[in-house]
Amino acid sequence: MRTVDGFDVNPEPIASARRAHQAALKLGTTKGADRSRAVLAMAQAITRSFDDILEANTLDLEASREMAVPDLILDWLKLTPKRLEMAVDILQRLGELSDPLRRVRHADYQLDDSQTYTQLMPLGVIAFIYEAFPELGAIAAGLCIKTGNSLILKGSTEASHSNAAIANALLSAVTEVGLPEGCLQLITEEHGTSIRDIVTQDQCLNLVIPYGRSSLIQQVVRHSTSPVLKSAIGNCYLYWSPNGSLEMVRWLIIDSHQSEPDPVNAIEKVLIHRQALPSSLTTLWNSLKEKGFEIKGDAELVEAFPQLQLAKDGEWQSAYLTKTVAFKLVDSLEAAISWINRYSSGHADCIVTESYQESRQFALGVNSASSYINASPRFSRNPSRGESVFLGMSNQKGHRRGLISLESLTTVKHIVQGNGRF
């Protein structure tokens, strides 16, 4: 991902933001059926362009390997037919969902001689800044068009060919359906545009969503003059209570790492009560190693179990984003909650316990977007149950928190309908 040094002398970000803003004014008043038809057309366009997209992705992979791009980014970058099919499935599902806009809700207050209600409305213009993950551009486009928002896409250099191929397919679809020109735009390297150039267009931009490693998220947050919906990946904690099941702990850790290619809610840190049996710990670690996990421990555990690698101080607040799990001893549930609130990413943390009282204390005490009690935090963009599709997870307290869904890309308008009396 290109670093930010200063402002680029380039009018393109301003022009793109203005085009997107003008398009959003029209897009917000379109019929839900037209927006749904556009999202379904996107799915068909991606399907028709399968070969072109995969060929473009091969070019990106070859160039990235020559540039010695980290293996983690190569994994995120590499498109497979399965990953593209998942994006198509999500677009099709979005197209078939009911219109999220115009939903009317009763207001919390009423004025005399009038009826007051609230209605979901588009935010306006959204910028999605993402590191690798080419298919996420298509999913973000589906979510934005469905909610009546214009979208500006800014991908990383490593995925330039893939992003362009996907954007061309998406643009052909929205043009075919007749949506406003400018409602979907891709900022390419040819524009010479930095991240800062985009996120400072607050006169036209209503929301920025960064997706990738923590360094990218912090870069966007640091420079943006527009609201930011932060996303988070990894560094989720699990507390293993003395009465919790060893087999459940094992299963939750393994299952949480199954959301590929981005382990959004992967359990990377485990806090163990001191009463845990050494034999249970050895059994767990051996089982995880057989599944390809790297095991680390705090200084106290490493002293007792020399086969463990030492987890350094800075690792407890950082995501590994690999199949690595670090273990630490704690004296109590209260100590575990305090440690999690200080070092966790704050978007998905778990407890394994048979105690209802402990589960309630954990759920209310942990300051995270989601708490999981004897349940895997595994993330799915397209869950089989319910009517939601998710772009990612947010760990912030502002704007929206938790799962980033259609409703996360809307705002509320209060409407007062009077009867003409004065």
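1. Helices and strands here are DSSP runs, numbered from the N terminus. The model is predicted. By that count the protein has 14 helices and 16 strands.

2. Start with proline 261. It sits in the loop between helix 10 (246-256) and strand 8 (267-273). The peptide bond leading into it, from glutamate 260, is cis, with omega near 5 degrees. Most peptide bonds are trans, and most residues other than glycine have a negative phi.

3. Alanine 68 departs from the phi pattern. Its phi is positive, about 60 degrees, although it is not a glycine. The residue lies in the loop between helix 3 (50-66) and helix 4 (71-77). Alanine 68 counts as exposed because its relative accessibility is 62%, and the cut-off for exposed is over 50%.

4. Asparagine 374 also has a positive phi, near 50 degrees. Its loop runs between strand 13 (371-373) and strand 14 (392-394). With a relative accessible area of 28%, asparagine 374 is partly exposed.

5. Now the overall form. For 422 residues, a compact globule would have a radius of gyration near 22 Å; the protein has 23 Å, which agrees. The C-alpha trace spans about 70 × 65 × 40 Å along its principal axes.

6. Of the 422 residues, 56% count as buried. Take the contacts with a separation of 6 or more: residues 24 or more positions apart account for 75% of them.

7. On the surface, the protein exposes about 18,800 Å². Carbon and sulfur atoms supply 48% of that area. As for charge, there are 41 positive and 47 negative side chains. The centres of the two sets lie 5 Å apart.

Methods:
Residues are numbered from 1 along each chain as its sequence is written. This is a predicted model: local features need pLDDT of at least 70, side-chain atom pairs count only at pLDDT 80 or more; totals for chains, interfaces and linings use all residues. Side-chain values use heavy atoms; hydrogens and water are left out. Helices (H or I, at least four residues) and strands (E, at least two) are DSSP runs, numbered from the N terminus. Buried means under 20% relative accessible area, exposed over 50%, partly exposed in between (1.4 Å probe, protein chains only). The radius of gyration is taken over C-alpha atoms; the globule rule is 2.2 Å times the number of residues to the power 0.38. Contact means heavy atoms within 4.5 Å. Accessible areas come from the Shrake-Rupley method with a 1.4 Å probe; for residues, only the protein chains shown count as cover. Lys and Arg count as positive and Asp and Glu as negative; His and the chain ends are not counted. The place of a charge is taken as NZ of Lys, CZ of Arg, CG of Asp or CD of Glu.
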